[in-house]
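Hi,

Here is the structure I promised to pass on. Have a look at it first, then read my notes below.

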Amino acid sequence: MITESYHIRNKYNTSDLIRFSVVTIQVKEKVWLTEHHHTELELGLYLSGSGSYMAGGNELSFSPGDILLFGSNQEHIINRISLDEDIRLLNLHFDPRVLWGSNLQSFSNSSLRSFISDLTQHAGHISPSQEYYEAIRSLIGDIETEFRECPPEFELAIEGRILDILIKLVRGCGRQTDTPAGPSINYEHLACVEKVTEYILSNLSEPLTLDGLAHQANTSRSYLCTLFKEINGIPIWEYITIKRIDLAIRYLRETQEPVTRVGELCGFNTSANFNRAFRKITQQSPSEFRKNGGNYY
């Protein structure tokens with residue numbers, strides 16, 4: 001598998017806020033394809049090759065030109081690949097915070113929020129015949145150009161294009177007037193979750209407790225858990241674990257730190273807990289991951 005990757009990291013440099021990859025899966029060679037999930041939403045434009053994913057118990061086929069969209073924390077895996085042609089795709093991962101950050105107060109009660117929530121259960125499939133397809137494909141091309149050329153304010157331009165893609169998806173699905181499911185969310189709720197998220201990302205190497213996070217949010221544990229999952233589409237503790245594994249993947253790829261030390265640097269109190277969490281998310285142990293060249297898709 002060959003990957004050319006670009007990213008915008010969060011301000012703590014612990015994980016990617018946005019990542020854009022040009023991926024080639026060479027079908028005649030052994031590749032690591034594992035069932036996985038992550039905190040980011042994922043959008044893939046398939047340029048060549050065909051096959052299918054399993055996602056949420058459903059099979060989702062793809063062929064050249066198709067666009068697939070997976071929600072936050074949705075487990076998915078390529079389960080079938082045609083051996084006639086290598087798979088090549090443009091793959092975009094973006095953190096939900098790109099959508100509900102400090103400048104997007106309107107996200108609180110928009111149909112976009114409902115659309116994003118639905119993606120945690122049902123992956124999206126956009127074919128070339130669908131409304132807005134050409135516009136969405138063009139926006140994906142714009143994102144690639146912004147990452148490659150890095151003109152002034154390219155980060156903001158990329159965030160704007162991601163939002164534009166999702167708005168077109170919402171309109172294409174006829175969800176303009178839908179009322180979001182779940183509890184009513186206002187700007188104060190978003191600010192509360194933003195504060196807790198910032199605290200988590202800046203303290204991944206430290207012991208974190210639900211009591212401590214609730215204290216940061218000035219709310220109860222149960223209410224914080226409900227609010228966090230409603231906004232991010234993932235339980236708070238699973239979010240913490242995945243972000244710690246994201247950080248561990250960086251250490252394993254970019255440093256020679258011993259595996260046990262990597263676990264400590266990422267906030268795991270025992271090697272057993274680190275190995276268990278790492279395998280649950282990547283289907284490999286940390287040692288296997290490093291031995292396989294940090295290949296994970």
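**Asn 203 and its surroundings**

If we leave aside neighbours within four places in sequence, Asn 203 is in contact with Leu 208 and Arg 244. Before I go on, keep in mind that this is a predicted model. You'll find Asn 203 in the loop between helix H5 (187–202) and helix H6 (210–217). Is Asn 203 buried or exposed? Its relative accessibility is 19%, and buried means under 20%, so Asn 203 counts as buried.

**Helix H3**

Next, try helix H3, which has 17 residues (133–149). At 1.5 Å a residue it should span 24 Å, and its end C-alpha atoms are indeed 24 Å apart, so the two agree. The buried residues in H3 are Tyr 133, Ile 136, Leu 139, Ile 140, Ile 143, Glu 144, Glu 146 and Phe 147. Look down the axis of H3 and you'll see these buried residues fall within an arc of 160 degrees, so they line one face of the helix. Over on the other side of H3, Glu 134 and Glu 149 are exposed. Right after H3 comes Cys 150, and its phi is positive, near 50 degrees.

**Helix H2**

Now for helix H2 (residues 111–119): seven of its nine residues are buried, so the rest of the structure largely encloses it. The buried ones are Ser 111, Leu 112, Arg 113, Ser 114, Phe 115, Ile 116 and Leu 119. What do the buried residues of H2 pack against? There are strands, namely S3 (41–48), S6 (67–70) and S9 (124–126), and there are helices, namely H1 (97–100), H4 (154–172) and H7 (221–232).

**A sheet of three strands**

Last, there's an open sheet made of three strands in the order S5-S4-S7, with antiparallel pairing. Strand S5 (58–62) and strand S7 (76–81) are at the edges with a single partner strand each, so one side of each has no neighbour in the sheet. On average, neighbouring strands of this sheet are turned by 30 degrees against each other, if you ignore direction. Strand S4 (residues 51–55) pairs with S5 in the antiparallel sense, over five bridges. To spot one pairing yourself, find Met 54: its bridge partner in S5 is Glu 59.

Have fun exploring!

Note on methods: Residues numbered from 1 in each chain as written. Predicted model: local features only at pLDDT ≥ 70, side-chain atom pairs only at ≥ 80, totals over all residues. Heavy atoms only, no water. Helix = DSSP H or I, 4+ residues; strand = E, 2+ residues; numbered from the N terminus. Expected span 1.5 Å × (residues − 1). Buried < 20%, exposed > 50% of the residue type's maximum accessible area, 1.4 Å probe, protein only. Arc of directions from axis to C-beta. Contact = heavy atoms within 4.5 Å. Pairing = 2+ DSSP bridges. Axes fitted to C-alpha atoms, helices over the stretch in contact; angles between N-to-C directions.
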